[in-house]
Amino acid sequence: MQIDLESRIVAVTVFPDQARVTVEGNAELPDGIHRLIINELPIGLLAESVRVSGRGEADVRIQGVDVTTIHYEETPSKLIQSLMSEIETLEYELAKLSDEASTIKAQLEYLNGLRSETKEYARALSRSKADVDYQASLTNFFREQDRQLRLEARELSNEEKTLERRLKKLNEDLEQNRSAKRPIRRQILVDVEVASTGSFQLEASYIVRDASWDPLYDVRLSTAGEKPSLEITSLAQVVQETGQDWTDIALTISTTRPAINQRIPILNPWYVGPPEPRPMRSRGMPMVAASPAQAEEPEDTIALSDGVADEFVAGHFAGDRKVARHVFAEAGITELAVVYHISRRSDIPSDASPRKVTLAENRFEPELDYLAIPKHTNAVYRRIKAVNNSSVPLLPGSASLFSGEDYVGNTEMEFVPIDAEFELLIGVEDSIVVKRELVQQDVDKVRLRDRRQLSYGQKIEFNNLLQKEVKIELQDHIPTSRHEDIKVRLLEAQPEPSEQTDLNMLTWEITVQAGEDQVIQYVYRVDHPRDMHVVGLGRR
């Protein structure tokens with residue numbers, strides 16, 4: 001006996017590139033052998049991922065599970081017939097409106113004709129055949145009739161435009177359905193043996209493609225208190241177009257990437273040797289088979305599950321929202337995945353529109369300093385450094401940056417493990433002014449006649465308009481030689497840089513007091529043969 005279950009989606013776990021959907025179906029099962037059918041499943045369902053279980057009053061033994069594909073024949077034709085019927089109705093309504101518009105137009109033409117006979121009314125008035133009151137009432141009648149007819153004409157025109165828009169949309173839907181392929185859906189078939197009758201609830205889960213989520217963050221820096229504070233709200237942007245709307249579901253967000261087929265890595269032989277002549281093919285003769293050493297080296301086959309990386313799991317959030325604020329998912333740690341169980345029921349339509357859900361909110365105590373790279377820009381950036389002391393890592397994703405209530409831009413968060421330090425640039429500090437200028441450029445041609453020496457001096461000045469001292473990291477550089485006959489040397493610097501790399505990247509760590517200025521100056525020399533043309537010195 002076949003029994004079609006009335007099923008609904010009750011839970012969905014969304015992974016980065018797919019989702020696991022759980023459906024439930026209920027039925028009263030009599031004794032005997034039956035086939036339970038769950039209909040209207042998406043075509044993207046992975047048959048090998050289907051798992052079923054059940055519970056209830058009936059004593060049930062599950063004997064087998066199968067997945068089939070159904071091609072619907074009648075549904076499209078019924079839909080086309082319905083669309084054609086609506087189109088005929090609208091066309092009839094438009095024809096009625098056209099007739100009414102023609103009637104109003106004729107009445108307006110008749111009134112205009114009567115107005116053209118005003119000379120006759122004037123003659124009748126002069127001959128005392130009509131009095132002034134009659135003439136006035138006639139004029140008012142014409143005006144009222146004209147006003148009423150024109151009002152009806154405008155209303156008809158608006159109604160006609162509305163119907164025409166509906167008709168256009170129906171014709172587009174009709175054309176789309178006429179050209180569409182037959183709809184395809186999947187079914188899960190479960191063969192059961194019932195030893196004792198009773199109610200039974202079947203639960204089936206499956207993996208489906210065309211669903212994904214991406215991490216998003218709102219990063220908010222507050223400097224209103226004695227110490228700066230950093231608040232990071234973690235969000236998940238969920239998108240799905242599986243062909244099934246997810247309505248009133250228990251939603252879970254997971255970082256794991258399920259692999260249906262997992263294999264042990266296989267290392268193929270790695271051949272090296274001198275090149276050998278390509279096999280020759282004579283006319284009418286078959287190609288000579290290449291030796292293993294001549295054959296194209298196959299790439300190493302590695303099919304590891306992406307879920308082997310650091311992963312964590314979270315429990316359900318206890319309690320309902322009672323005030324107008326975000327509800328967060330709790331997160332814990334296991335060996336497999338970062339998993340957030342969303343505390344409230346969710347709706348995710350199958351229209352590829354992104355839906356955001358809030359996962360967590362974490363507060364950090366950051367160190368605030370400033371970063372200046374005046375070679376590229378005169379902006380001084382706010383920079384925060386903090387340690388991820390939350391219970392889960394911060395995943396790579398897009399982050400919206402706020403300074404207080406002001407949106408200051410967007411950046412990309414990198415992966416931050418638990419207890420690891422991270423840094424972010426959050427906006428520009430307009431109250432710190434920086435200026436960089438070339439203050440020295442000398443050419444010495446006398447000391448060494450076969451060589452040329454060029455000296456350059458740079459001056460960088462900071463003006464702190466804030467009412468507090470600030471720590472600033474200044475990054476600059478001097479040229480780096482690519483030729484052994486070109487020598488570049490930093491002659492002097494006030495103050496000395498805290499770091500100079502092999503590529504002549506210079507870094508200063510300075511402190512500028514409130515309302516004060518600070519100047520950094522340095523001089524470098526470039527020495528090269530006089531007859532050598534050196535490029536790149538113009539970029540200072």
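In which sense do β17 and strand β18 pair, and over how many bridges? In this predicted model, the pairing of β17 (residues 397-403) with β18 (residues 406-413) is antiparallel. It spans seven bridges. One facing pair is Ser398 and Glu412, the latter in β18. The two strands form a hairpin. Two residues lie between them. Gly404 sits in the turn, and its phi is positive, at about 65 degrees.

β17 also has a partner in strand β9 (residues 211-222). Here the strands run parallel, and six bridges join them. Asp218 has Ser400 of β17 as its bridge partner. β17 is thus bridged both to β9 and to β18. Strand β17 is also mostly covered. Of its seven residues, five are buried, that is, under 20% relative accessible area.

A separate paragraph is given to the sheet that contains β20. This open sheet has four strands, in the order β20-β21-β26-β23. Their pairing is antiparallel. β20 (432-444) and β23 (487-494) are the edge strands, and each pairs on one side only. From one strand to the next, the twist averages 15 degrees.

Within this sheet, β20 runs antiparallel to strand β21 (residues 451-464). Twelve bridges join the two. Across this pairing, Gln440 stands opposite Gly457 of β21. As a general point, side chains in a regular strand alternate between the two faces of the sheet.

Key:
Residues numbered from 1 in each chain as written. Predicted model: local features only at pLDDT ≥ 70, side-chain atom pairs only at ≥ 80, totals over all residues. Heavy atoms only, no water. Buried < 20%, exposed > 50% of the residue type's maximum accessible area, 1.4 Å probe, protein only. Pairing = 2+ DSSP bridges. Axes fitted to C-alpha atoms, helices over the stretch in contact; angles between N-to-C directions.
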